[in-house]
Amino acid sequence: MIIVREVAQLRKIIAERRQLGTSGTKKVHGSTSLQHKVGFVPTMGYLHEGHASLMHKAREMADTVVLSIFVNPIQFGPNEDLDSYPRDEARDLEVARREGVDIVFLPTVAEMYPQPTQTKIRVSALTDRLCGASRPGHFDGVTTVVAKLFNMIGPDLAFFGMKDAQQVAVLQQMVTDLNMNVIIVPCPIVREADGLALSSRNVYLSAEQREQALVLSQSLRKVQEVSEDIVTNTITIRQLHQMVESTITSSPLADIDYIEILTFPGLEPLLPEQRLCDVQEDVIVALAVKFGNTRLIDNIRIQKAEVLSHV
């Protein structure tokens, strides 16, 4: 495993690996390719099994796997947890080594932003809801740093977890609109045995907060149950919202930022009286809830469009 801290060295190593060619064929979206594929997993470090699942998927689909670890300052607001965001480089490198990563890119802020950036990429509309509404400027920072990393690495495939479904939708829109030559590969949410979605921020939770945070996955499990039941999926969007809200508010420590039920990936709102069974697009139920100072996100995607296409 090669550890790289400078952009010039990163580009040189990736170019050399491409020139050496592939050691075998890889299946990419169902087709076999002889081209040397570069898979990229961007992270902010403090890696957990959710990140490991992205690396594992990249290892399956790509010849060279690049992992970046960079806590991106321009996606944090003035009162957010940039300075206290958990970091553990030695532990992260051990996880990367275990998962068969080829190259780890560990740049400093000065390497990524040698001067204050005057150029940002903004995806409109999709960023007006969910985390984009409560964290102004956040997604401008995400799209800008991801675009920079894409330019530095030139990946064929980029792997992102569906825990931040809005991020997946926004980055897919950016790639499509700007004709970037990379495929976004969404990967399933990874959870603890008790249902809590894995997050680097879980380390901030006290024992009591962590126990009460289970109401998030419990509420989403109820959504899954009613969406699969032929009788109960006549529930309206308003009733679905009320069901999720009542489950979350059963926790005295839960401070709801948002509960939204939207189409996916368009993130368009659904009418309150619309029945879930009548929606033909995929639906996402997305949550952001604070427990103390720790803000957790979670979601469930109800795949309506895919089911209908097989009927």
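How many of the six residues of strand β4 (residues 38-43) are buried? Six of the six are, so β4 is largely enclosed by the rest of the structure. This is a predicted model, and the account below follows its strands, its empty spaces and two individual residues.

**Strand β4 and its partner**

The side chains of β4 split into two sets. V38, F40 and P42 point one way. G39, V41 and T43 point the other way. Residues of both sets are buried. β4 pairs with strand β5 (residues 64-69) through six bridges, and the two strands run parallel. One point on this pairing is P42, whose bridge partner in β5 is S68.

**Strands β9, β10 and β11**

Strand β10 (residues 282-291) has nine of its ten residues buried, so it too is largely enclosed by the rest of the structure. β10 pairs with β9 and with β11. Ten bridges join strand β9 (residues 254-264) to β10, in antiparallel fashion. Within that pairing, T263 has V283 of β10 as its bridge partner. Nine bridges join β10 to β11, again antiparallel. Here L287 stands opposite D298 of β11.

β10 and β11 form a hairpin with two residues between them. G292 sits in the turn and has a positive phi of about 65°.

**R301 on strand β11**

R301 belongs to strand β11 (residues 294-302). Is R301 buried or partly exposed? Its relative accessibility is 31%, so R301 counts as partly exposed. The cut-off for buried is under 20% relative accessible area, and exposed means over 50%.

The R301 side chain makes a polar contact with the side chain of D282, at 2.9 Å. Beyond its neighbours within four places in sequence, R301 is in contact with M162, F264, D282, V283 and I284. Of these contacts, D282 and V283 bring the picture back to β10, a strand that spans residues 282-291. F264 lies in β9, which covers residues 254-264. R301 and A286 are 15 residues apart along the chain, and their C-alpha atoms are separated by 8.5 Å.

**Cavities and the largest pocket**

The structure holds two cavities of 30 Å³ or more. The table sets them beside the largest pocket.

| Space | Volume | Nonpolar lining residues | Polar lining residues | Charged lining residues |
|---|---|---|---|---|
| Largest cavity | about 80 Å³ | eight | two | three |
| Second largest cavity | about 40 Å³ | five | two | one |
| Largest pocket | about 1200 Å³ | 21 | 19 | nine |

The largest cavity has a volume of about 80 Å³. Of the 13 residues that line it, the closest to its centre are K163, A165, Q166, Y258 and A286. Four elements each supply at least two residues of this lining: α5 (130-134), α7 (165-177), β10 and β11. The hairpin strands β10 and β11 therefore both help to line this cavity.

The second largest cavity is lined by L196, A197, S199, N202, L216, L296, I297 and D298. β11 gives the largest share of that lining, with three residues. D298 has already appeared in the hairpin, opposite L287.

Which residues lie nearest the centre of the largest pocket? They are M44, Y85, K163, D164 and R201, out of 49 lining residues. K163 is also among the residues closest to the centre of the largest cavity. Contributors of at least two residues each to the pocket lining are β4, α2 (49-61), α5, α6 (138-153), β7 (157-161) and β11. The largest share, five residues, comes from α6. The enclosed strand β4 is thus one of the elements that line this pocket.

**T143 in helix α6**

T143 is found in helix α6. Is T143 buried or exposed? T143 is buried, because its relative accessible area is 1%, against a cut-off of under 20%.

The T143 side chain has two backbone oxygens within reach. A polar atom of this side chain lies 2.8 Å from the backbone oxygen of F139. The backbone oxygen of D140 is reached at 3.2 Å. Outside its neighbours within four places in sequence, T143 is in contact with I121, R122, V123, V170, L171 and M174. V170, L171 and M174 fall in α7, which spans residues 165-177.

Methods:
Residues are numbered from 1 along each chain as its sequence is written. This is a predicted model: local features need pLDDT of at least 70, side-chain atom pairs count only at pLDDT 80 or more; totals for chains, interfaces and linings use all residues. Side-chain values use heavy atoms; hydrogens and water are left out. Buried means under 20% relative accessible area, exposed over 50%, partly exposed in between (1.4 Å probe, protein chains only). Contact means heavy atoms within 4.5 Å. A polar contact is a pair of N or O atoms within 3.5 Å; within protein, one must be able to donate a hydrogen and the other to accept it, and residues adjacent in sequence count only if both atoms are side-chain atoms. Two strands pair if DSSP finds at least two bridges between them. On a 1 Å grid over the protein atoms alone, a cavity is a set of points where a 1.4 Å probe fits but cannot get out, and a pocket is an open set with protein on both sides within 12 Å along at least five of seven lines; lining residues have an atom within 4 Å of a point. Grid points are joined across faces, edges and corners, and a volume is the space filled by probe spheres set on the points. Ala, Val, Leu, Ile, Met, Phe, Trp, Tyr, Cys and Pro count as nonpolar, Asp, Glu, Lys and Arg as charged, and the others, Gly among them, as polar.
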